[in-house]
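The exercises below ask for burial, contacts and packing in a single protein chain. Each task is followed by a solution in steps.

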Amino acid sequence: MTETAGKTRETALVWANSRGENLVGVWHAPPENGPLRGAILSLHGWSGFRTGPHQMLTRAAREFAPEGFATLRFDFAGRGDSDGDADFATLATMRDDALGALEVAREKLARPELPIYVLGLCSGCEIAVALVGDERARGQIAGALLWSAPVFAALPSGEREAKKRGENLRKYAAKLLQISTYRKLLRGQIDTQSVSKAMKGKSGAAFKNLESDAAGQLPVGFRAASMQGWQRFAGPVLQIYGGADPITEEAQGWYRQNSGASFASRLSSAVVAGANHSFYGLSWEREVFAISRDWLRKNHP
């Protein structure tokens with residue numbers, strides 16, 4: 001089914017991943033009579049799905065279409081409308097889902113000479129790094145847009161755990177004052193195990209990485225192989241962070257130190273003043289889009 005939204009032609013897609021699970025996505029094609037310059041593969045974070053927080057990835061796809069860039073955004077297995085169980089997701093399974101989506105994007109683009117860029121938001125940036133670093137994707141990705149990229153495959157520090165615990169305690173204390181919380185609890189709509197982890201500060205991507213390691217779910221050498229591939233990547237990279245995002249300084253430093261000798265010359269970096277991790281604010285979101293459009297124009301006139 002194809003629908004027109006503004007200047008975009010949007011088509012719902014379903015395909016099977018390497019594990020036989022059906023993944024659901026949306027292909028945003030540029031206007032029918034407009035230029036076609038390439039495509040963007042959009043990757044959401046651990047707890048999100050293909051729309052992104054506050055519909056940011058949906059709006060991004062509609063922003064880039066008039067520029068001539070089609071976009072494929074999809075739900076990883078176990079998220080959104082895709083099959084699977086999110087409890088079994090790891091960086092490696094999500095990387096494999098992204099590899100399959102890259103093939104779908106290439107088929108939909110139907111122009112092998114045109115570039116495909118990868119766009120990650122929040123933890124989706126970790127998948128972008130793993131995808132770019134995978135031998136099977138080598139030479140297929142022209143550049144990477146990383147919005148709020150955390151440290152790749154980070155394991156939790158004691159300081160991070162304490163901070164996360166404090167944030168979650170405040171969040172769930174506020175929820176205890178809401179009648180809707182107790183209604184959901186009685187209906188069995190609250191995942192008490194996840195809430196327990198959050199109250200202990202043991203939630204989020206870093207702890208998912210730790211649990212994956214402990215369960216032996218990540219392939220041996222996954223981190224090292226991904227980083228070696230990322231360091232070989234020769235394409236341009238755009239990183240955008242929020243000025244009020246607590247990960248910004250640590251993450252920027254980590255990428256400078258671990259991305260290879262040529263990274264500084266390939267990197268374009270921007271900080272959106274006052275913005276939080278997911279750019280919750282219309283002016284912040286617009287600034288992210290504007291910076292990304294300018295970067296695409298510069299790297300692919």
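**Exercise 1. Place Val237 in the fold and describe its surroundings.**

Step 1. Val237 is part of strand β8. The model is a predicted one.

Step 2. Val237 has a relative accessibility of 0%. Buried means under 20%, so Val237 counts as buried.

Step 3. With neighbours within four places in sequence left aside, Val237 is in contact with Ala144, Leu146, Trp230, Phe263, Arg266, Leu267, Ser268 and Trp295.

Step 4. Val237 and Asn299 are separated by 62 residues in sequence, while their C-alpha atoms are 9.9 Å apart in space.

**Exercise 2. Treat Gln239 in the same strand: is it buried or exposed, and which residues does it touch?**

Step 1. Gln239 is found in strand β8, which covers residues 237-242.

Step 2. The relative accessible area of Gln239 is 1%, so this residue is buried.

Step 3. Residues up to four places away in sequence are not counted. Gln239 then touches Leu146, Ala149, Tyr255, Phe263, Leu267, Ser268, Ser269 and Ala270.

Step 4. Compare the two lists. Leu146 appears among the contacts of Val237 and among those of Gln239. Phe263, Leu267 and Ser268 are likewise in the list for Val237 and in the list for Gln239.

**Exercise 3. Identify the buried residues of helix α9 and what covers them.**

Step 1. Helix α9 spans residues 248-258 and contains Gly253.

Step 2. The buried residues of α9 are Thr248, Ala251, Gln252, Gly253, Trp254 and Tyr255.

Step 3. For Gly253 the relative accessibility is 12%, and this residue therefore counts as buried.

Step 4. The cover over the buried residues of α9 includes α3, α8, β8, α10 (263-266) and β9 (267-272). The contact between Gln239 and Tyr255 is one that links β8 to α9.

Step 5. From Gly253 to Val151 the C-alpha distance is 9.2 Å, with their positions 102 residues apart in sequence.

Step 6. After α9 comes Gly260, which has a positive phi near 95°.

**Exercise 4. Determine how helices α3 and α8 are oriented and which residues join them.**

Step 1. Take α3 as residues 124-132 and α8 as residues 222-232; their axes come within 7 Å and cross at roughly 75°.

Step 2. Angles of 65 to 115 degrees count as roughly perpendicular. The two helices α3 and α8 are therefore roughly perpendicular to each other.

Step 3. On the α3 side the contact is made by Val129, Ala130 and Val132, and on the α8 side by Phe222, Ser226, Met227, Gly229 and Trp230.

Step 4. Sorted by type, the residues of this contact are 6 nonpolar, 2 polar and no charged.

**Exercise 5. Describe the nonpolar cores.**

Step 1. The largest nonpolar core holds 54 residues. Trp27, Leu43, Leu72, Leu131, Phe152, Trp230 and Tyr255 have the most contacts inside it.

Step 2. Helix α2 (residues 91-109) gives the largest share of this core, 10 residues.

Step 3. A second core of 21 residues is separate, and includes Leu145, Leu238, Phe279 and Phe289.

Step 4. Leu43 illustrates the surroundings of a residue in the largest core. Outside its neighbours within four places in sequence, Leu43 is in contact with Leu57, Phe74, Phe76, Ala98, Val118, Leu119, Gly120, Leu121, Gly124, Ile127 and Ala128.

Step 5. Among these contacts of Leu43 is Leu57, a buried residue of helix α1 (residues 56-64). Met56, Thr58, Ala60, Ala61 and Phe64 are also buried in α1. The cover over the buried residues of α1 includes β3 (22-29), β4 (38-43), β5 (69-74), β6 (116-121), β7 (143-147) and α11 (282-299).

**Exercise 6. Examine two residues with positive phi: where do His54 and Phe279 lie, and is each buried or partly exposed?**

Step 1. His54 is not a glycine, yet its phi is positive at about 45°. Phe279, also a residue other than glycine, has a positive phi near 55°.

Step 2. His54 is found in the loop between β4 and α1, whereas Phe279 lies in the loop between β9 and α11.

Step 3. A relative accessible area of 22% makes His54 partly exposed. Phe279, at 0% relative accessibility, counts as buried.

**Exercise 7. Summarise the whole chain.**

Step 1. The protein has 11 helices and 9 strands.

Step 2. Its residues number 301, and 48% of them count as buried.

Step 3. Of the contacts between residues at least 6 apart in sequence, 76% join residues at least 24 apart.

Step 4. The accessible surface is about 14,300 Å², and carbon and sulfur atoms account for 52% of that surface.

How values were computed
Residues numbered from 1 in each chain as written. Predicted model: local features only at pLDDT ≥ 70, side-chain atom pairs only at ≥ 80, totals over all residues. Heavy atoms only, no water. Helix = DSSP H or I, 4+ residues; strand = E, 2+ residues; numbered from the N terminus. Buried < 20%, exposed > 50% of the residue type's maximum accessible area, 1.4 Å probe, protein only. Contact = heavy atoms within 4.5 Å. Core = buried A, V, L, I, M, F, W, Y, C linked by side-chain atoms within 4.5 Å. Axes fitted to C-alpha atoms, helices over the stretch in contact; angles between N-to-C directions. Parallel < 35°, antiparallel > 145°, perpendicular 65-115°, else oblique. Nonpolar A, V, L, I, M, F, W, Y, C, P; charged D, E, K, R; others polar. Areas by Shrake-Rupley, 256 points an atom, 1.4 Å probe, with all protein chains shown as cover.
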